[in-house]
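Subject: Handing over the model we discussed

Dear colleague,

Please find below the sequence and the structure that I promised to pass on to you. My notes on what I found follow directly after them.

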Amino acid sequence: YSIVEYPTGNLIMSNKGCNQYEIASLTKIMTFFTTMKIVNKYKLSIREENIRITDIAMDMSGTSAEILSGEVYTV
């Protein structure tokens, strides 16, 4: 974790700040951002739109979601 001073953005303290990590959190944020842009653009309801997992999505590396082809999720 890091503590950053507002509003300057200066780093005050960091725990394990020199360690390198995968950008999974950034990927999740960008997925959410992109999804919400599409939902807003096309005026979709996130509780009514479904997403079916494809074989290609299931076989992608880099996820620990353990999704299975054919499963259906709401947005």
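Is T34 buried, partly exposed or exposed, and which relative accessible area puts T34 in that class? T34 has a relative accessible area of 40%, and because buried means under 20% and exposed means over 50%, T34 counts as partly exposed. T34 has its place in helix α1, and its C-alpha atom is 22 Å from that of E66, a residue 32 positions away in sequence. Please bear in mind throughout that this is a predicted model.

Overall architecture

The chain contains two helices and four strands, and their order along the sequence is β-β-α-β-α-β. The chain is more spread out than a compact globule, because its radius of gyration is 18 Å, well over the 11 Å that the globule rule gives for 75 residues. Along the principal axes, the C-alpha trace spans about 45 × 30 × 15 Å.

As for burial and surface, buried residues make up 3% of the 75 residues in the chain, and the chain exposes about 7100 Å², of which carbon and sulfur atoms supply 57%. If one takes the contacts with a separation of 6 or more, 21% of them are between residues 24 or more positions apart. The chain carries 7 positive and 8 negative charges, and the mean positions of these two sets are 10 Å apart.

The β1-β2 hairpin

Strand β1 (residues 2-4) and strand β2 (residues 11-14) run antiparallel and are joined by three bridges; in one of the pairings, S2 has S14 in β2 as its bridge partner. Six residues lie between the two strands of this hairpin, and G9 takes a positive phi near 80° there. The loop between β1 and β2 also holds P7, and the peptide bond that leads from Y6 to P7 is cis, with omega near 5°, so you may wish to look at this stretch in the display yourself.The loops on either side of α1

After β2, the chain passes into the loop that leads to α1 (24-41), and N15 has its place in this loop. N15 counts as partly exposed, because its relative accessibility is 38%. The C-alpha atoms of N15 and E66 are separated by 30 Å, with these positions 51 residues apart along the chain.

On the other side of the helix, K43 is found in the loop between α1 and β3 (50-52). Phi of K43 is near 50°, which is a positive value in a residue other than glycine. With a relative accessibility of 72%, K43 counts as exposed. K43 and I53 are ten residues apart along the chain, and their C-alpha atoms are separated by 22 Å.

Helix α2

Helix α2 covers residues 55-58, and A57 is found in it. A57 has a relative accessible area of 25% and is therefore partly exposed. The C-alpha atom of A57 is 8.4 Å in space from that of I67, and these two residues are ten apart in sequence.

With best regards

Technical notes. Residues are numbered from 1 along each chain as its sequence is written. This is a predicted model: local features need pLDDT of at least 70, side-chain atom pairs count only at pLDDT 80 or more; totals for chains, interfaces and linings use all residues. Side-chain values use heavy atoms; hydrogens and water are left out. The radius of gyration is taken over C-alpha atoms; the globule rule is 2.2 Å times the number of residues to the power 0.38. Buried means under 20% relative accessible area, exposed over 50%, partly exposed in between (1.4 Å probe, protein chains only). Contact means heavy atoms within 4.5 Å. Accessible areas come from the Shrake-Rupley method with a 1.4 Å probe; for residues, only the protein chains shown count as cover. Lys and Arg count as positive and Asp and Glu as negative; His and the chain ends are not counted. The place of a charge is taken as NZ of Lys, CZ of Arg, CG of Asp or CD of Glu. Two strands pair if DSSP finds at least two bridges between them.
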